[in-house]
Structures are given as C-alpha cells and as structure tokens.
Amino acid sequence: MVLITEDMVRRRAEHNNCEILSLEEVSLHQQDIEKIEHIDKWCRDLKILYLQNNLIPRIENVYRLKKLEYLNLALNNVELIENLEGCESLQKLDLTVNFVGRLSSVESLKNNLHLRELFLVGNPCTEFEGYRQYVVASLPQLKYLDGKEIGRSERIRARQGLDEVRRRIRQQEQDYLQKRASEKEEAQREGGEVQRGPKRESRSSVKAKNPGFDGRWYTDINNTIPVHEENKEIQGREEKEKTSCLSSEDQEREFWEKPCAYTPESRLETHRHLDEKKKAKERKAVKTPKAPRTLITPHGRVMNVNEPKLDFNLTEDGDNNTIVLDLEVYRHMDTSLMDVDVQPTYARVTVKGKIFQLVLPAEVRPDSSTAKRSQITGHLVLTMPKAQGEIKMTTPHPPKVSQSSNTPEEKTRKGNNRQRLEVDPSKHSGVDLANIVPRENRAGEQTIFYDNFVDDPDVPPLM
C-alpha cells in the first residue's frame, strides 16, 4: 500500500525550492497512492492538486484546504462524492473514469458556491436516465458539465419535472447498488479461493481414493452422494491440478483473456498483477554479485588466476639470473588501466579490473623488478631478478691486436706492472755519458775518449 510521504511531496516541490508549507501546486499522479492523507496539514496554501491515475477509493482529508481551486482525481477508484464541503474555493473537480454510481452524492457539492466545472465522464452514473438534467438542476452554480457549457434554457428545462427525474435516479441507484454488492461478494469469494489455494486431502480420503461398486465410499457408511456427482468432483480436482501445472505464459494469457466486470476490485487486481510482474522482472534484471575469487587460500597457498584470459610466456634468463614474464596485453589498451604488483613468490597484474596472478618458480626481489610495455605489440614485460644465485657474465674472446698497436688499455696495464724494455745500444742516437772513461797518452797526459767517437780532420783540435 503506497501512502503519501513528506519526502514524496518535497521531491514534487522542486519548483518551490522543496518547501511544502508555501506550496500552491503539487502533482502526485501515477504514484499508486491508495489513500489521501497529510496533504491538508502540510500544504495549507495548496491551490492545485493532481492525484490522477492512482488507486484512491475515497475522497478524504482535503477539507482543510480552504484555498484549493482545482482537484484532479481522474482514473481512480472513487465511488462516492464526499468530504469536499470544506473546500470553499473549489472551482473545478475532475472525476473522469471513476466508479461513482450514487449520483445523488453530487448534492454534497451545493455548498461549494465557486464550483464552475465538473467532470463525471466514464462513471456508471452517466448511464442513468436523466443524468445530465439531474446534475444541472442539483448544482445551479455549474457552468460546465463534462466539458459542455450549460445554457440558460437547459437550466430552465432541468428544473421542470425535477421530482420525477429524482425518483427515477433513486430507483436506478438502488439497482446499481444491488449489482455492486453482488460484484463485491464475487470478488471476495474469488479472492478467498486464491488465498486458500488447493486443499490438501486428508489421510482418510487418500486411503479411500475410489468408490465401491455401488458408488459409495467404503469408509463412510452414511454417504449418499450419487456416482455422477462424485465423478464431477473428481473431474473438478483434476482440472484444478491441470490449471496449477500450466506454464507462466499460459497463466499470463489466461489472466488477460478471462472475462471480468470493470470494477474497483478488478482494476486493483490488474494493478497488483502488473506490479508483481514488474517486480519479478526487476529481480531477474538484478544480477547476483559473484563471490570474490580466491587469490590466496587461508593456508597461504597462492593460486594461479587468469580472469582477463590473456596469453603469457614465463621464461628464466640464466645469464642475468632473472625471471621474465611476457603478458600479451591488448595493444590499444591504455596503460593507466593496468596495475602491477610483484611479490617475492608471485606476480599480480590487474587489467581493467580483472586479475592475472601467476606463481613464480623462484623467489625474486620485488624492489629490483621492472615493468615495461612494448610500444609496438602492447605486451607487458616484467623482469624480476632472483633473490638467490650469481649472475654469470660471459664475454666474447677479445680480438687479436697487432704488435704495432698501442691501445690505452695496454699502456695502463704496462704502467701498472712497471715492465722494463731492453734497448739495443747500437740504435741509440744520442751521446751516452755513462760510458765516458779516462785514458793515458804517451806523454803521460790523461785524455778523455768517447765511445764511438770519430775524429773529424776538418775540425781543429782544442788548445
């Protein structure tokens, strides 16, 4: 049952800054409201009230709205015009397509002196003989009835023979009320059968499933029901069982094809059927959230997960002592949609909310790991150094260098080792002062000779 709430009214009062005390117009149509309440207390200054296309059965709780000028209650379940005497400023009342069958209830609007328009189209009372003449004569302040203007001549003719018209209206009302009472009883009976549902058979009836040769139940000696009536009951139960076994589509078709009278009960039943169907559809539309995938078990075991369903390649580089993971990520995916987490025993990559997790064959160093993405293929490459082991450096053989080459590396190596070279004395171009020795001549004088000295005759001797 949908009721009018303060939040509902405030949401409909956006044009008035959600203030309801000074609200002059509010629209509460198509809200499945089943009762009018609180409006006369919250919105005392209300002038226009829209309540069409709801499930309101009675006009109530509006007598405090002294400034109300227009009340729209079209497409509801109203059966009686009442409780509008306090609406002193009421000028227009719309009761289109309701169930007003007691036409004499329009006389309760005599005190609404400002009432100018009244709509009763689609109500059972409009089918009464003398309907328009009776309403025009009963409400002299009206100017329009069902959208048609009331002229002076029509008003004069309506007053003539009013007593006879009133008598016929009373008689038609009684007939309608009797018909309406039977419709209510039938609706209550059908509703009770639906609520009770199929009765379960007692244990005795299960034992005595079939009658004897004389058509009587052996378990009941006082049973005097004829055989054909018992067969009818059996057939009726079988038909009910078949009906209960129908598919949902057959039940839906049966519901809409079943003939029924247009009454407030049938309209309410139709609305509830549509509401249940809508809720069932919403329940199907709402997807149950999936249970979170187990990445690490309570015992600490790391699981391999590949939610994005990406191809990958895991290799070990023995020369560099690293583990390389090549994950074939989509080429055109933005790198901001990826998140990499490297742990000592596993690597986890989140690709657009989906987790890729892989257990590593050896322990790695997360702080030294690197993640790079190829600009050509889009692949994500993780290089993870191992925590244990040595890096094997294999260098190729150095090229042969000729004897005449003298590279800086060789110079450095020679300088460090302090290697000495043997030089051929014959190749020395300068004078070797270390080999100078004194010699004596014939006269007893000492003369200094130089090794490898050649006397030049053109040079005069020293004096």
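This note goes through two sheets and one annotated span of the structure.

1. The model is a predicted one, in which local features need pLDDT of at least 70, side-chain atom pairs count only at pLDDT 80 or more, and totals for chains, interfaces and linings use all residues. Residues are numbered from 1 along each chain as its sequence is written, and side-chain values use heavy atoms, with hydrogens and water left out.

2. One open sheet has four strands in the order β9-β10-β15-β14, with antiparallel pairing, where strands are DSSP runs (E, at least two residues) numbered from the N terminus and two strands pair if DSSP finds at least two bridges between them. Its edge strands, each pairing on one side only, are β9 (312-317) and β14 (370-373). From one strand to the next the twist averages 15 degrees, with axes fitted as lines to C-alpha atoms and angles running from 0 to 180 degrees between N-to-C directions.

3. Within this sheet, β9 and β10 (residues 322-327) run antiparallel and are joined by six bridges; N313 stands opposite D326 in β10.

4. Another open sheet of four strands follows the order β8-β13-β12-β11, with antiparallel pairing, and its edges are β8 (305-306) and β11 (338-342), each of which pairs on one side only. Strands β12 (residues 346-351) and β13 (residues 354-359) run antiparallel with six bridges between them, and Y346 has V359 in β13 as its bridge partner.

5. For residues 128-146, UniProt lists "domain: U2A'/phosphoprotein 32 family A C-terminal" in an unreviewed entry; such annotations may be inferred rather than shown by experiment. The span is 42% helix (DSSP runs of H or I, at least four residues) and 11% strand, and its end C-alpha atoms lie 15 Å apart.
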